[in-house]
Amino acid sequence: MAEVGGRKRDPDDVGSADAVMFCGPCGNVQATSFCKDCHDYLCSTCTRCHERLEAIKHHQLLKGAKFPSFYPTRKGQTTESFEKCNDHPQEDVKLFCKSHNTVCCVACSVGKHKDCNKEYIPDIAQGYTTGTEYSKLQSDIQDLDTLGAQCQADIDRCLKEVNALNWGEVDKLKQFKTLINEYLNNREKELIAEMQQRCDRDTSLLQNIQARLKTWQSDLSDARAKLQSHQQSSYKLFITAKRIQPLVDQLQETLNDMQQQTRYQHYELAKDDRMVKILADKTGIATVETSSKMAKTGSLLMLELTFKLIPWTKQAKYLCSKQQYSDI
């Protein structure tokens, strides 16, 4: 039975004269030598690579008469099996390229790392765990673990601050809206009061004219009655007419005066142009803008509401004083 992969065959096969050993790295190529350091059978091509590579050319190769049909010292060994190469799955990772600080197989060594400074991993791995490099690696991992925990703490804190910031700014918006509503309610009351004042003034004027008209109508009725009472006597009618004429003249003047005063002041509500623009503006009341403030740690950008007040009327500025805004 042939041995594949550079492994020794079982002791029961020791006596097989027709045993054929296969190259460990290649798998299906007949081996021509055995490396005692790598514990691997090698074909002629892998043997030449072994003899040329600086990192492993010092290995002891068994050829010709010394070539073993099996290697009994392999059985029972506690040596770990080699890892397979990512680029060459059939090859074992046995070399370390110092030039590129990476591990590789023989095929990689011949290809990508032909002119690099390489070392044989089993030779340099023995004291690695007690070296400064491994100690630093462990320290770096511990530091990263601590930093990761700190980063998580920063994220948790920032999440709480973001939530608090949001509700804080929402409260500002609601308070500002309350001020706006108060201003609008007060302004509405002022406008209604002004219109009512105009209405009361015109109503009072017309009611006064109406009262004068009633007196005027009474005087005119009296004059008509006096004339009618003396229709039978030309003498008395003449005298009465002469006496009444000044009253009639006076009534004419009074009527003309009342007719001239029978009017009212027309008015209408003129919408404030700035308020109309505010209602048409989609950014009215306030806008949400990015602040230059940053979280104390980390790089989470904080947001806050920046109120950009649109020009108001004088009444609005009076009602919404700076003191009121400062409370927001």
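**Figure 1. Strands E4 and E5 pair in the antiparallel sense over four bridges.** In this predicted model, one of the positions where the two strands meet involves Leu 95, whose bridge partner in E5 is Cys 104. The pair belongs to an open sheet of three strands, which has the order E5-E4-E6 and antiparallel pairing. The edge strands of this sheet are E5 and strand E6 (118-120), each of which pairs on one side only. From one strand to the next, the twist averages 40°.

**Figure 2. Asn 101 sits in the loop between strand E4 (93-97) and strand E5 (102-105).** Although Asn 101 is not a glycine, this residue has a positive phi of about 55°. Is the residue at this place in the loop buried or exposed? Asn 101 has a relative accessible area of 57%, and because a residue counts as exposed when that value is over 50%, Asn 101 is described as exposed.

**Figure 3. Three strands form an open sheet in the order E2-E1-E3, with antiparallel pairing.** The strands at the edges are strand E2 (40-42) and strand E3 (61-63), and each of these pairs on one side only. The twist in this sheet averages 25° from one strand to the next. Strand E1, made of residues 33-35, pairs with E2 in the antiparallel sense over three bridges, and within this part of the sheet Cys 35 stands opposite Asp 40 in E2.

**Figure 4. Helix H1 (residues 44-52) lies across strands E1, E2 and E3.** With respect to E3, the helix runs at about 140°. One residue to look for in helix H1 is Thr 45, which has a relative accessible area of 43% and is partly exposed. Thr 45 can also be compared with Thr 32, for the two are 13 residues apart in sequence, while their C-alpha atoms are 9.4 Å apart in space.

**Figure 5. The largest cavity holds about 50 Å³ of space.** How many cavities of 30 Å³ or more does a search of the whole structure find? The search finds one. Its lining is made up of Pro 25, Cys 38, Leu 42, Cys 46, His 50, Ile 56, Lys 94, Leu 95 and Val 106, and the elements that give two or more residues to this lining are H1 and E4. When the lining residues of the largest cavity are sorted by class, seven are nonpolar, one is polar and one is charged. Leu 95, which is listed here in the lining of the cavity, is also the residue whose bridge partner in E5 is Cys 104.

**Figure 6. The second largest pocket has a volume of about 600 Å³.** Which of the 20 residues that line the second largest pocket are the closest to its centre? They are Arg 187, Leu 191, Leu 269, Ala 270 and Asp 272. Helix H4 (132-229) and helix H6 (273-280) are the elements that give two or more residues to the lining, and H4 gives the most, with ten residues. By class, the lining of this second largest pocket divides into eleven nonpolar, two polar and seven charged residues.

**Figure 7. Ile 285 lies in the loop between H6 and strand E7 (287-294).** Like the view of the loop in Figure 2, this one concerns a backbone angle: Ile 285 has a positive phi of about 75°, although this residue is not a glycine. The relative accessible area of Ile 285 is 41%, and the residue is therefore classed as partly exposed, since that term covers values between the limit for buried, under 20%, and the limit for exposed, over 50%.

**Figure 8. The whole protein, with eight helices and eight strands, gives the setting for the close-up views.** Of the 328 residues of the protein, 24% count as buried. Where contacts join residues at least 6 apart in sequence, 50% of them join residues that are at least 24 apart.

Definitions and conventions. Residues are numbered from 1 along each chain as its sequence is written. This is a predicted model: local features need pLDDT of at least 70, side-chain atom pairs count only at pLDDT 80 or more; totals for chains, interfaces and linings use all residues. Side-chain values use heavy atoms; hydrogens and water are left out. Two strands pair if DSSP finds at least two bridges between them. Axes are lines fitted to C-alpha atoms, for helices over the stretch in contact, and angles run from 0 to 180 degrees between N-to-C directions. Contact means heavy atoms within 4.5 Å. On a 1 Å grid over the protein atoms alone, a cavity is a set of points where a 1.4 Å probe fits but cannot get out, and a pocket is an open set with protein on both sides within 12 Å along at least five of seven lines; lining residues have an atom within 4 Å of a point. Grid points are joined across faces, edges and corners, and a volume is the space filled by probe spheres set on the points. Ala, Val, Leu, Ile, Met, Phe, Trp, Tyr, Cys and Pro count as nonpolar, Asp, Glu, Lys and Arg as charged, and the others, Gly among them, as polar. Buried means under 20% relative accessible area, exposed over 50%, partly exposed in between (1.4 Å probe, protein chains only).
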